[in-house]
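Please open the model in your viewer and keep the sequence panel beside it. The tour below goes from one selection to the next and says what is to be found at each stop.

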Amino acid sequence: METVYGNKAETLIFKTDKFKRVINHVLLGTRLDVVNEKQDAYEIDARGRGKSGWVKKKDVRNTPILKIFFVDVAQGDGAIIESPEGIILLDGGPSSKYYKFILHRYKRILKDEGEINIKAIIMSHPDWDHFNGLTPIINDSRFKIEHIYHNGIIRYDKKPPGRNTKMGRTTNQIINGKTRTVLTETYSSLSDAKKLIDGGFLMSTFKKFWQAAINAKKQGRLKGAKCLTIHNKTIDGFDRSSNNCLRIEILGPVPSSNKDDKLEYITFPEAENIAKENPGISDSHTINGHSLVLKFLYGDHSILLGGDLNIPAELHLLAHYGDKNPFRVDVAKACHHGSSDYLVDYLKKVKPMANVVSSGDNKSFDHPMSDAVGSSCRHTRGDHPLFFSTELARATSSSGTHYGLINLRSNGKILAMAQMKEQHKKVDVWDSYTIPWNGKFHHEIKEYKKNN
Ligand SMILES: [Zn+2]
């Protein structure tokens with residue numbers, strides 16, 4: 001039997017084909033299996049997303065749409081991007097939470113087909129709260145992965161012999177008439193990763209990640225790995241432009257070498273006055289600052305995910321793009337889990353209609369910071385700025401923790417976001433919003449104005 005997908009912000013499921021009693025509603029793009037058909041109605045199996053019943057044919061479509069899941073991985077980032085072109089896993093958090101969610105989400109496909117195809121695994125930058133949770137997926141023989149993409153920065157354990165940073169060797173170079181410190185030791189392919197492992201001194205989680213990838217390649221489950229920068233412009237398979245295709249633009253990192261085959265990164269802080277005021281700035285600023293910055297375009301909509309950018313990195317990006325503004329989007333993931341290390345000028349360029357923060361409760365991190373939440377909402381378009389947080393969406397009760405999932409859906413024309421409601425029911429219950437959002441109580445306010 002055929003498969004259809006919800007094509008309304010919320011598609012109603014009725015008890016019968018007379019469409020009188022609503023028994024369930026599913027989010028835009030939810031897959032529904034057709035079990036019976038009448039002239040203007042389908043009887044559908046909701047595939048575990050609440051009660052099955054009847055939908056109006058005009059409320060569904062025949063092709064899948066764009067879905068982005070911001071998974072509550074605690075302190076870290078982990079997103080799943082499902083598109084008509086395939087599945088992308090963008091960062092995977094620090095622990096097994098992301099892997100567990102993936103197994104839950106693709107339970108039915110894994111049961112029916114025994115395997116799942118992943119178009120791309122992307123490590124925005126080599127911090128373990130972004131890549132460590134991807135390792136069990138790469139190790140799972142049921143996952144077939146086309147490519148792993150990364151930003152080319154290496155993670156050593158402390159400073160290995162012959163290197164002056166935990167990322168590798170740097171040299172001083174004259175760039176635009178100024179002496180700058182440049183990271184000259186980088187990598188790209190799986191054979192590069194193998195050489196790094198053989199050379200020793202890698203951070204253990206980083207080594208495990210690449211060892212898993214090398215094993216997957218040996219088993220014929222992974223084609224290869226590649227470093228991405230702005231010179232790549234896009235990702236293979238995500239370069240077409242049409243209403244029903246996902247397109248990806250690479251807006252960062254911006255390497256200091258212009259030659260594609262010689263990848264080098266300026267080491268931050270590039271703004272000396274910030275360095276003086278913040279002596280704590282270190283290698284981690286460079287590792288975070290050269291995060292992959294990806295813009296996802298689908299139909300009328302755009303979404304920006306920029307890893308763990310910080311002030312020097314945002315200055316570096318703004319200086320590179322000058323008067324151009326490729327950063328403006330509809331929805332943005334807050335950089336660095338909502339840290340205070342953000343540039344207001346950068347937020348003004350992005351100016352989305354909704355923000356998403358992925359963060360956790362770990363004591364040593366206070367993400368999201370109060371000023372980052374305030375500033376990102378202030379620089380959001382519209383009178384009802386939307387702010388989603390995996391921590392706010394999370395709920396705890398005597399029966400356990402219910403992890404907070406933030407959901408984005410676009411069919412190219414309708415853009416909807418939803419968070420799981422804090423209810424402990426067998427099926428998912430959503431608090432959903434269409435973008436642009438005009439406020440939940442819009443009509444009531446109109447009434448009030450009329451009567452007063
Ligand atoms: Zn991070």
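A residue is called buried here if 20 or more other C-beta atoms lie within 10 Å of its own, exposed if 12 or fewer do, and partly exposed in between, with the C-beta atoms placed from the backbone. Helices (H or I, at least four residues) and strands (E, at least two) are DSSP runs, numbered from the N terminus. This is a predicted model, in which local features need pLDDT of at least 70 and side-chain atom pairs count only at pLDDT 80 or more, while totals for chains, interfaces and linings use all residues. Residues are numbered from 1 along each chain as its sequence is written.

**First stop: strand 8 and its partners**

Select residues 66-70, which make up strand 8; 4 of its 5 residues are buried, so strand 8 is largely enclosed by the rest of the structure. Two strands are said to pair if DSSP finds at least two bridges between them. Now add residues 406-410, which are strand 25, joined to strand 8 by 5 bridges in an antiparallel run; within this pair, Ile68 stands opposite Leu408. Then add residues 78-83, which are strand 9, also antiparallel to strand 8 and joined to it by 4 bridges, where Phe70 has Ala79 as its bridge partner.

From strand 9, move on to strand 10 at residues 86-92, where 6 of the 7 residues are buried, so that strand 10 too is largely enclosed by the rest of the structure. Strand 9 and strand 10 form a hairpin with 2 residues between them, and their antiparallel pairing extends over 6 bridges, with Glu82 standing opposite Ile87 of strand 10. What is the sense of the pairing between strand 10 and strand 11? Select residues 116-122 to show strand 11, and you will find that it pairs with strand 10 in the parallel sense over 3 bridges, with Ala120 as the bridge partner of Ile88.

**Second stop: the two domains**

Colour residues 3-63 as domain 1 and residues 66-435 as domain 2; these bounds come from an automatic or database domain assignment. The centres of the two domains, taken over C-alpha atoms, are separated by 34 Å. Where they meet, 10 residues of domain 1 are in contact with 15 residues of domain 2, contact being counted when C-beta atoms, placed from the backbone, lie within 7 Å. On the side of domain 1 that touches domain 2, the residues divide into 3 nonpolar, 4 polar and 3 charged; Ala, Val, Leu, Ile, Met, Phe, Trp, Tyr, Cys and Pro count as nonpolar, Asp, Glu, Lys and Arg as charged, and the others, Gly among them, as polar.

**Third stop: the largest nonpolar core**

A nonpolar core is a set of buried Ala, Val, Leu, Ile, Met, Phe, Trp, Tyr and Cys residues joined through C-beta atoms within 7 Å. Select Leu89, Ile121, Ala213 and Met417, which touch the most other members among the 109 residues of the largest such core. Helix 6, at residues 204-218, gives the most to this core, with 5 residues. Both domain 1 and domain 2 give residues to the core, so it lies between them. If you centre the view on Ala213 and leave aside residues up to four places away in sequence, the residues it touches are Ile138, Ile148, Leu190, Ala193, Leu222 and Ala225.

**Fourth stop: two open sheets**

Next, show the open sheet of 3 strands in the order 13-14-17, where the pairing is antiparallel. Strand 13 (170-175) and strand 17 (265-266) stand at its edges, each with a single partner strand, so one side of each is left without a neighbour in the sheet. Strand 14, at residues 178-183, pairs with strand 17 over 2 bridges, and Val182 stands opposite Ile266. In the loop between strand 13 and strand 14, pick Gly177, which counts as exposed because it has 5 C-beta neighbours inside 10 Å.

The other open sheet has 6 strands in the order 16-18-19-20-21-22, with mixed pairing. Its edge strands, strand 16 (246-252) and strand 22 (386-389), each pair on one side only. Strand 21, at residues 354-357, runs parallel to strand 22 and is joined to it by 4 bridges, with Leu386 as the bridge partner of Ala354.

**Last stop: helix 9**

Finish with residues 311-321, helix 9, whose buried residues are Ile311, Pro312, Ala313, Glu314, His316 and Leu317. Helix 9 is followed by Gly322, which has a positive phi near 55 degrees.

Conventions
Two residues are in contact if their C-beta atoms, placed from the backbone, lie within 7 Å.
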